Amino acid sequence: MGWIAEADGLPPLEQAAKALLDRLTPMEAPAGTVLFHPGDTVKGFLIVLRGRIDVCLTGPTGRDILLYAVEPGQSCIQSTLGLLGGDDYSGEAIVRRDARAVLVPRETFLALMDQSDAFRGFVFTAFATRMQSMMHLLERVAFQRVEARLAQCLLDRAENGTLHATHAQIATMIGSAREVISRRLDALERRGVLKLDRGAVHITDAGSLAEIAETL
């Protein structure tokens, strides 16, 4: 089966579908690689085997927001929309952690959607899951305070109590401005909730941070 055995979330496929996918060769993309830009034509369906890819949207003011991340077992909704509806990419995809992925070309993707019940179910299930997460993002940005979004972001993304990211990157993650995030982080540091280093945020009081995350 080759790389198919590495693909988290991919269901048991029909023999013909496996044969089509098995012809494809995984690609390696180091962190920092830009996979697509706004306006690019969607060339295929991405199956991530390892790593993380962030898809961001840039507004007219130049401010970025992280729409979603694609990790093993997850889908890129922009690719699915482009392949099914013909639209170009409106966001930008950047590899955040060294990635190994397979690009299923448009022709192969459409053939699988037509011929394979298992593959079609996988695509639509992943699409529905991603749409639900996008609705949650819209709800948070529209109705939740910046402090709460910031606190939840730190709790979700910190590894061993530390998030390695710049203020600008954190702002992109939660859909805010760098200046706003810097002020909020400074205030939380003065309260003893966290400690700031260059390019890193260390959580010192996870309990207080969790309380902030629960506020509306």
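Which residue follows α2, with a positive phi near 90°? Select Gly86 to see the answer: Gly86 comes right after α2, and its phi is positive, near 90°.

Before moving on, a word about what is on screen. This is a predicted model, in which local features need pLDDT of at least 70 and side-chain atom pairs count only at pLDDT 80 or more, while totals for chains, interfaces and linings use all residues. Residues are numbered from 1 along each chain as its sequence is written, and side-chain values use heavy atoms, with hydrogens and water left out.

**Stop 1: helix α2**

Now select residues 77-85, which make up helix α2. Helices (H or I, at least four residues) and strands (E, at least two) are DSSP runs, numbered from the N terminus. The buried residues here are Ile77, Gln78, Ser79, Thr80, Gly82 and Leu83; buried means under 20% relative accessible area, exposed over 50% and partly exposed in between, with a 1.4 Å probe and protein chains only. Show β2 (34-36), β3, β4 (64-70), α3 (106-115) and α4 as well, since they are included in what covers those buried residues.

**Stop 2: the strands**

Next, colour β5 (residues 92-105) and strand β1 (residues 27-29), which run antiparallel and are joined by 3 bridges. Two strands pair if DSSP finds at least two bridges between them. Ala29 has Ala99 in β5 as its bridge partner. β2 also pairs with β5 in the antiparallel sense, over 2 bridges, and there Val34 stands opposite Ile94. Add β3, which pairs with β5 over 11 bridges, again antiparallel; Cys56 stands opposite Glu92 in β5.

**Stop 3: Arg52**

Stay on strand β3 (residues 44-58) and pick Arg52. Is Arg52 buried or exposed? Arg52 counts as buried, at 10% relative accessibility. Leaving aside neighbours within four places in sequence, Arg52 is in contact (heavy atoms within 4.5 Å) with residues including Glu71, Ile94, Arg96, Arg97 and Arg157.

**Stop 4: the aromatic rings**

The whole structure holds 6 aromatic pairs. Rings of Phe, Tyr and Trp (its six-membered ring) pair if their centres lie within 6.5 Å; planes under 30 degrees apart count as stacked, over 60 as edge-to-face and the rest as tilted. Select Phe45 and Phe119: this pair is edge-to-face, 6.0 Å centre to centre with 75° between the planes. Phe45 lies in strand β3 and Phe119 in helix α4 (residues 117-143), so the pair ties together parts that are 74 residues apart in sequence. Both Phe45 and Phe119 are buried.

Add Phe122. The ring centres of Phe119 and Phe122 are 6.2 Å apart and their planes are at 50°, so this pair is tilted. Both residues lie in helix α4, 3 residues apart, about one turn of the helix. Phe119 has a relative accessible area of 0%, and Phe122 is buried at 10%. With Phe109 included, Phe45, Phe119 and Phe122 form one aromatic cluster.

**Stop 5: the cavity**

How many cavities of 30 Å³ or more does a search of the whole structure find? The search finds 1, and the largest cavity has a volume of about 60 Å³. On a 1 Å grid over the protein atoms alone, a cavity is a set of points where a 1.4 Å probe fits but cannot get out, and lining residues have an atom within 4 Å of a point. The volume is the space filled by probe spheres set on the points, which are joined across faces, edges and corners. Select the lining, which includes Ala7, Asp8, Gln74, Phe45 and Phe122. Strand β3 gives the largest share, 4 residues.

Methods. On a 1 Å grid over the protein atoms alone, a cavity is a set of points where a 1.4 Å probe fits but cannot get out, and a pocket is an open set with protein on both sides within 12 Å along at least five of seven lines; lining residues have an atom within 4 Å of a point.
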